[in-house]
Amino acid sequence: MSRILIIGAGGVGRVAAHKCAQRPEEFEEICLASRTIERCRRVAAELPRPIQVRELNADDAGRVRRLIEEFRPDAVINVASPYQNLPIMQACAEAGVHYVDTSMSDRPDKVVYDYGDQWAFGEHFERKGVTGLLSLGFDPGVVNVFCAYARKHLFDQLEAVDIIDCNAGSHGLPFATNFDPETNIREILAPAFYYEEGQWKETPPLTLSREFEFPEVGRRRAYLMAHEELISLARFLPELRTARFWMTFTEEYLTHLQVLRNVGMTRIDPVDYEGVPVTPLRFLKKLLPDPAALGPRTKGKTSIACVFDGVKDGARRRAMIYNVCVHERCFQEVGSQAISYTTGAPAVLGARLILSGHWARPGVYNPEQLDPDPFMERLGEMGLPWGMEELNPSDPTQRTPAGEKAESETRTP
Ligand code: NDP
């Protein structure tokens, strides 16, 4: 029986709170803490049993530490924004408490794609005998575990992975992001880096796209994007020669984004507005719909897969591991759409595995560094069943279920 502290009461925090509350035999006491306590109270009121709520500004490691000392959690699930990762990790390292988050840490004034500051906590966590688990949402997160599983069970030599992410659902609004707008827009508009033939390469954002056949949702065009899991996968699975991330967007979404970028509304540097410094993207976030409120409006499916290439028993093999999630079903269960669901459920599973001992390993780890089996065995019971499909290895351009051809690559100037 454990005590769990969840920090962040947005869409993902709500899912994490529901998933913990569903398991009283594992999570005896739950505390939900966030910047705006009203949001914690709203989530608490939906849950099947009472939890504690606290107001917390997690930018301040000292305040996080004081809450940890007061509530005495066994583990902290951090689902606030990526700007709070470092202070929350610091507090956990000092207090000797297990830690799980769902994204790479970032800075408001600069897009940083680097785990260095988080990995640097490794020694502190090791000394305290506790585990820090980084970026365990879906992507990054579950897809990293899919890669570890493929390497362990499907390939002798795992050479390439394409992570393909399609949200085929619709919320019916002209423009809204499915998670924190600031993080979402920053990552889409960052230069698209990728790892190919053992080298890091880069293209301007949204210039390279390709069609993929997604499980259960069909053929869609997806865009090459920078994504944090590529960094840890290239480091911890050194035999991988290629690792790329692709995401689908609707035309409507891309048009809005282009206009917002062209008029300067996605800038992350402060501009002077009548003597007041205003960061356009942060202001835009205030105007956009709250992702946590999209749950009741979102219909359809998400389909996320890893398409693997490599060698097994001396022969070429291509295979796909995937999950399909239905927005309406997620909403029915926990009051959130599938993007928040597919992020919050894995984070809770990570905490369960640390607390049960399966993943209790002193230090700081990305998910692909740990044994994938206990995670894959329990992913279905967390509401995220996964499937595996063999693809045709004889056609090097094929990224689709065996027998179907669906690839065409487009470069937009
Ligand atoms: P939201 O913006 O909906 O929620 C973030 C929550 O964190 C809000 O409740 C917010 O408070 C709170 N918060 C922000 N700053 C602070 C602070 N200084 N102190 C305390 N609380 C704070 O985001 P999501 O729930 O959609 O996303 C949560 C995390 O999950 C993000 O890190 C995101 O990047 C990550 N994510 C990961 C995915 C993956 O697959 N790996 C996919 C989707 C998201 P307030 O209510 O006051 O604004």
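Two strands pair if DSSP finds at least two bridges between them. On that basis strand E11 (218-224) and strand E12 (residues 242-248) are paired, in the antiparallel sense and over three bridges. The model described here is a predicted one.

## Antiparallel strands E10, E11 and E12

Within the pairing of E11 with E12, Leu-224 has Trp-246 in E12 as its bridge partner. E11 is also joined to strand E10 (residues 208-214), by six bridges, and these two strands run antiparallel. Glu-213 is matched here with Arg-219 of E11 as its bridge partner.

E10 and E11 form a hairpin with three residues between the strands. In this hairpin, Glu-216 adopts a positive phi near 65°.

## The parallel sheet

Seven strands make up an open sheet with parallel pairing, in the order E3-E2-E1-E4-E5-E6-E17. Its edges are formed by strand E3 (52-55) and strand E17 (363-365), each of which pairs on one side only. From one strand to the next, the twist averages 15°.

Helix H2 (residues 37-46) packs on this sheet and touches strand E2 (27-34) as well as E3. The direction of H2 makes about 165° with that of E3. Helix H3 (residues 61-71) lies across E1, E2, E3 and E4, and runs at about 155° to E1. Strand E1 (residues 2-7) pairs with strand E4 (residues 75-78) in the parallel sense, over four bridges. In this pair, Ile-6 is found opposite Ile-77 of E4.

## Helix H12 and its two faces

Which residues of helix H12 (residues 327-334) are buried? They are His-327, Cys-330 and Val-334. These residues lie on the same side of H12, because they cover an arc of only 65° around the axis. The spacing fits a general rule: an α-helix has 3.6 residues a turn, so residues three or four places apart point the same way. Arg-329 and Gln-332 are exposed, on the face of H12 turned away from its buried side.

The buried residues of H12 have several packing partners. The helices among them are H1 (11-21), H2 and H13 (338-355), while the strands are E7 (157-167), E15 (301-312) and E16 (315-326). H2 thus appears in two settings, packing on the parallel sheet and against the buried residues of H12. Just after H12, Gly-335 takes a positive phi of about 75°.

## The cavity

How many cavities of 30 Å³ or more does the structure hold? There is one, and the largest cavity has a volume of about 130 Å³. Residues from several parts of the sequence line the largest cavity, including Pro-82, Ser-103, Asp-106, Tyr-113, Arg-186 and Glu-228. Helix H8 (residues 181-189) gives the most to this lining, with three residues. Thr-183, Arg-186 and Glu-187 are among the lining residues.

## The second largest pocket

The second largest pocket has a volume of about 270 Å³ and a lining of 15 residues. Nearest its centre lie Val-324, Val-326, Arg-329, Gly-383 and Pro-385. Arg-329 therefore has two roles in this description: it is exposed on the face of H12 turned away from the buried side, and it is one of the pocket residues nearest the centre.

At least two lining residues come from each of E16, H12 and strand E18 (386-391). Which element gives the most to this lining? It is E16, with five residues. E16 is also one of the elements against which the buried residues of H12 pack.

Key
Residues numbered from 1 in each chain as written. Predicted model: local features only at pLDDT ≥ 70, side-chain atom pairs only at ≥ 80, totals over all residues. Heavy atoms only, no water. Axes fitted to C-alpha atoms, helices over the stretch in contact; angles between N-to-C directions. Contact = heavy atoms within 4.5 Å. Buried < 20%, exposed > 50% of the residue type's maximum accessible area, 1.4 Å probe, protein only. Arc of directions from axis to C-beta. 1 Å grid on protein atoms, 1.4 Å probe; cavity = no way out; pocket = protein on both sides within 12 Å on 5 of 7 lines; lining within 4 Å. Points joined across faces, edges and corners; volume = space filled by probe spheres on them.
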